Amino acid sequence: MFSPLVIVLVLVALYAVGVYNSLQTLKTQIQASIQEIGNQLKRQASLIPNLSNAVKGYLKHEKGIFKMLTDARKAAEKADKSGKISDIDKALDSIQSVLPQIQVAVEDNPELKSDATVTKFMDELTDTADKLSYARRTVIDLSQSYNQKLVVFPSNLIAGLFGFKQEAGIATPTTGSHMSVSQQEMREPKVDFEE
């Protein structure tokens with residue numbers, strides 16, 4: 001029969017293996033999620049020139065949008081090559097800032113709005129932007145779970161023993177207007193469909 005000390009040591013060893021494996025699994029999932037962000041940025045970078053070519057004839061007067069599209073594509077390519085979270089954030093911001101402006105230009109131009117190619121590319125860009133947001137959320141959630149295990153007892157003992165370090169996740173400034181809610185933002189929105 002096994003002594004109680006041997007049973008306790010086996011249980012501690014099994015717990016340590018379980019914590020170690022879960023930390024390694026979370027690290028792998030974080031890296032895979034970051035790669036998915038890069039994958040979606042690549043997809044978006046290839047869609048942007050196609051959209052740009054499709055709408056060029058219709059929007060000759062909207063030169064600013066083409067510059068923004070070009071800048072967004074370059075940012076996506078840079079982020080994909082570097083793999084740095086900061087570059088990925090910049091690329092996502094530039095892409096997300098140009099999408100509403102393209103949508104407004106499409107809405108204002110009935111010929112462009114009815115063009116199937118433009119509509120398809122807009123849908124693809126919107127879909128990719130949604131996938132990017134989801135991938136970012138996944139990185140945030142996985143980083144939170146991983147980092148929590150590094151500081152919660154007793155898993156922090158195992159993490160410290162094997163030298164696990166915190167994951168940055170998605171960097172966000174800790175000061176600025178996004179950290180508070182204004183009175184106007186707290187008001188109940190009113191929707192009026194009558195003009």
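The protein has 7 helices and 0 strands, where helices (H or I, at least four residues) and strands (E, at least two) are DSSP runs numbered from the N terminus. The model is predicted: local features need pLDDT of at least 70, side-chain atom pairs count only at pLDDT 80 or more, and totals for chains, interfaces and linings use all residues. Residues are numbered from 1 along each chain as its sequence is written, and side-chain values use heavy atoms, with hydrogens and water left out.

Begin with the whole chain. Of its 195 residues, 33% count as buried; buried means under 20% relative accessible area, exposed over 50%, and partly exposed in between (1.4 Å probe, protein chains only).

Next, select Phe2, in the segment before α1 (4-56). Phe2 counts as exposed because its relative accessibility is 65%. Then add Val6, Ile7, Val10, Leu11 and Leu14, which together with Phe2 make a nonpolar surface patch of about 590 Å². Patches are made of residues with over 30% relative accessible area and no salt bridge, with like charges joined within 9 Å and nonpolar side chains (Val, Leu, Ile, Met, Phe, Trp, Tyr) within 5 Å; a salt bridge is a side-chain nitrogen of Lys or Arg within 4 Å of a carboxyl oxygen of Asp or Glu. Areas come from the Shrake-Rupley method with a 1.4 Å probe, and for residues only the protein chains shown count as cover.

Now move to α6, residues 155-162, where Ser155, Ile158 and Ala159 are buried. Viewed down the axis of α6, the buried residues fall within an arc of 100°, so they line one face of the helix; the arc is that of the directions from the helix axis to the C-beta atoms. On the face turned away from this buried side, select the exposed residues Leu157, Gly160 and Leu161.

Finish at Gly163, which follows α6 and has a positive phi, near 75°.
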